[in-house]
Amino acid sequence: MCVHPWSSRPSRSPVTEATAKQNLLDLDRAGLETFFAEELGEKRFRAHQVMKWIHHRHVTGFDEMTDLGKALRARLEERAEVVVPQVHFDKESADGTHKWLLGMDGRNAIETVYIPDKGRGTLCVSSQVGCALNCTFCSTATQGFNRNLSTAEIIGQVWVAAKHLGNIPHKQRRLTNVVMMGMGEPLANFDNVVRAMSVMRDDLGYGLANKRVTLSTAGMVPMIDRLGEESDVSLAVSLHAPNDELRTKLVPLNKKYPIAELMDACVRYALRKKGESVTFEYTLMKGVNDQPEHARELVALLQAFDRAVQMKDAAKINLIPFNPFPGTRYERPDDVAIRAFQKQLNNAGMIAPVRRTRGDDIDAACGQLKGQVADRTRRQAEFRRRLEGGEGGHATA
Ligand code: SF4
């Protein structure tokens with residue numbers, strides 16, 4: 001396992017090859033401190049000053065970092081840079097939802113969505129260019145997979161949104177929550193995602209509380225355990241079906257990690273984070289998983305989870321009416337069917353909010369995200385092969 005000299009975490013923080021400069025956006029606090037100490041011979045507090053310039057004031061030019069001495073600024077200019085994603089376009093929905101298409105390199109782009117709601121603002125962040133998991137109801141999956149995003153490309157999405165919103169951590173909070181629910185499976189890009197989430201939660205970064213950063217996984221069981229060991233964020237699981245036969249059709253990863261194994265991993269996660277609940281996402285599709293027997297099975301599954309964790313409401317469920325996209329074979333159930341499903345869960349004592357559809361006029365609703373995914377065929381096959389072989393969390397395509 002390779003350990004980057006100025007990072008607290010295993011796995012490399014890429015130095016921009018053409019210029020051999022370190023992109024400071026690729027480093028969390030510990031990584032920046034080490035970079036300042038070992039590469040520049042500077043004290044830790046200099047790293048802290050730079051972090052604040054980048055994440056609190058959205059400054060990327062060292063010349064503007066006026067509390068650093070001239071000589072240090074000149075050395076930073078030589079050895080480092082702050083490269084943020086390029087905004088190809090941004091669109092605002094009538095309901096205030098905002099979507100950015102962000103260029104990650106010459107050929108690939110991903111989407112990031114901001115959803116304002118009573119007293120909170122949630123940013124939905126992508127972790128990969130495309131996704132290799134191929135869930136059959138997902139728009140992202142139709143685009144295939146190209147590569148993992150770097151730490152800089154993940155935290156860069158937060159940077160772009162925070163700058164646009166005029167967000168100032170601890171003072172003017174427009175961005176209160178981050179959900180790793182955009183394009184990609186975050187646990188298949190573990191190190192970069194965990195490092196970016198550490199900047200999101202750092203006071204010198206975006207200052208978000210642990211429970212305000214949520215990682216959503218399709219169910220990469222071994223990586224859920226690793227996440228439990230290495231991070232304290234909230235966990236969400238894309239469940240979408242209450243039994244293996246149906247779930248394997250919707251989420252093919254279920255073949256490798258069936259529901260029983262997935263629920264056991266969620267129990268271990270919840271027990272490790274005493275008192276924290278796990279959220280289960282359930283996309284309702286007409287005639288597929290919205291029938292009374294599905295609700296009954298779902299209740300049994302989640303009640304068993306509560307018992308194993310020995311906590312009432314340890315399992316939270318979010319119901320998401322399917323958002324159709326061109327070419328899909330699935331349909332959204334009508335409102336009566338959605339309410340009936342919800343009522344069955346409520347009658348069993350479960351809180352089961354139905355997620356309001358937001359931003360569908362700009363194709364920013366759940367499951368509708370699509371970027372520009374280049375050169376996907378060969379990479380997708382390779383990535384899938386690695387997942388099948390159990391290498392998923394370490395794959396870097
Ligand atoms: S639902 Fe999530 S894990 Fe499944 S294909 Fe879409 S982005 Fe990937």
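This is a conversation about a predicted model and the reasons behind some of the words used for it.

Biologist: How many helices and strands does the chain have?
Modeller: The chain has eleven helices and 14 strands. It has 397 residues, and 47% of them count as buried. Of the contacts with a separation of 6 or more, 66% join residues 24 or more positions apart.

Biologist: Start with E111. Where does E111 come from as a site of interest?
Modeller: From UniProt. The "active site" annotation of an unreviewed entry covers E111 and C366. In the model, E111 is found in strand β6, residues 109-117.

Biologist: What makes E111 buried or exposed?
Modeller: Count the C-beta atoms around it. E111 has 24 others within 10 Å. The cut-off for buried is 20 or more. So E111 is buried.

Biologist: Which residues does UniProt list for "binding site"?
Modeller: The unreviewed entry lists G184, E185, S216, S238, L239, H240 and N323. Take two of them, E185 and S216.

Biologist: Where is E185, and is it buried or exposed?
Modeller: E185 sits in the loop between β10 (177-180) and α5 (190-201). It has 29 other C-beta atoms within 10 Å. Buried needs 20 or more, so E185 is buried.

Biologist: Which residues is E185 in contact with, beyond its neighbours within four places in sequence?
Modeller: Q128, C131, L133, T217, A218 and M220.

Biologist: And S216: why is it called buried?
Modeller: S216 has 20 C-beta neighbours inside 10 Å. The rule says 20 or more. Twenty meets the rule, so S216 counts as buried. Its place is in strand β11, residues 213-217.

Biologist: What is S216 in contact with, leaving aside its neighbours within four places in sequence?
Modeller: V179, M180, M181, A236, S238 and E281. S238 is also one of the residues in the UniProt "binding site" list.

Biologist: Now V354. Why is it called partly exposed?
Modeller: V354 has 15 C-beta neighbours inside 10 Å. Buried starts at 20, and exposed means 12 or fewer. The value 15 lies in between, so V354 counts as partly exposed. V354 is in the loop between α10 (335-347) and α11 (376-388).

Biologist: What is V354 in contact with, leaving aside neighbours within four places in sequence?
Modeller: L319, P321, I338 and Q342. There is also a distance to Y282, which is 72 residues away along the chain. The C-alpha atoms of V354 and Y282 are separated by 9.6 Å.

Biologist: What is said of the phi angle of H58?
Modeller: H58 has a positive phi of about 60 degrees, although it is not a glycine. It is found in the loop between α2 and α3 (70-79). With 17 other C-beta atoms within 10 Å, H58 falls between the two cut-offs, 12 and 20, so it is partly exposed.

Biologist: And D313?
Modeller: D313 also has a positive phi of about 60 degrees and is not a glycine. It lies in the loop between α9 (292-309) and β14 (315-321). It has 13 other C-beta atoms within 10 Å. Exposed would need 12 or fewer, so D313 is partly exposed.

Biologist: Turn to the helices. Why are α1 and α2 called oblique?
Modeller: Helix α1 (residues 29-40) and helix α2 (residues 44-55) have axes that come within 8 Å and cross at roughly 125 degrees. Roughly perpendicular ends at 115, and roughly antiparallel begins over 145. The angle fits neither, so α1 and α2 are oblique. The crossing is right-handed.

Biologist: Which residues make the contact of α1 with α2?
Modeller: R29, L32, E33, F36 and A37 from α1, with R44, R46, A47, V50 and M51 from α2. By class, six are nonpolar, none is polar and four are charged.

Biologist: How do you know whether α6 and α8 are parallel or antiparallel?
Modeller: Helix α6 (residues 221-230) and helix α8 (residues 259-272) have axes that come within 9 Å and cross at roughly 0 degrees. Under 35 degrees counts as roughly parallel. So α6 and α8 are roughly parallel. V221, I224, D225 and G228 of α6 meet E261, L262, A265, C266, R268, Y269 and R272 of α8. That contact has six nonpolar, one polar and four charged residues.

Notes: Residues are numbered from 1 along each chain as its sequence is written. This is a predicted model: local features need pLDDT of at least 70, side-chain atom pairs count only at pLDDT 80 or more; totals for chains, interfaces and linings use all residues. Axes are lines fitted to C-alpha atoms, for helices over the stretch in contact, and angles run from 0 to 180 degrees between N-to-C directions. Helices (H or I, at least four residues) and strands (E, at least two) are DSSP runs, numbered from the N terminus. Angles under 35 degrees count as roughly parallel, over 145 as roughly antiparallel, 65 to 115 as roughly perpendicular and the rest as oblique. A crossing is left-handed if the near helix is turned anticlockwise from the far one by less than a right angle, and right-handed if clockwise. Two residues are in contact if their C-beta atoms, placed from the backbone, lie within 7 Å. Ala, Val, Leu, Ile, Met, Phe, Trp, Tyr, Cys and Pro count as nonpolar, Asp, Glu, Lys and Arg as charged, and the others, Gly among them, as polar. UniProt positions are given in the numbering used here, feature names are shortened, and annotations may be inferred rather than shown by experiment.
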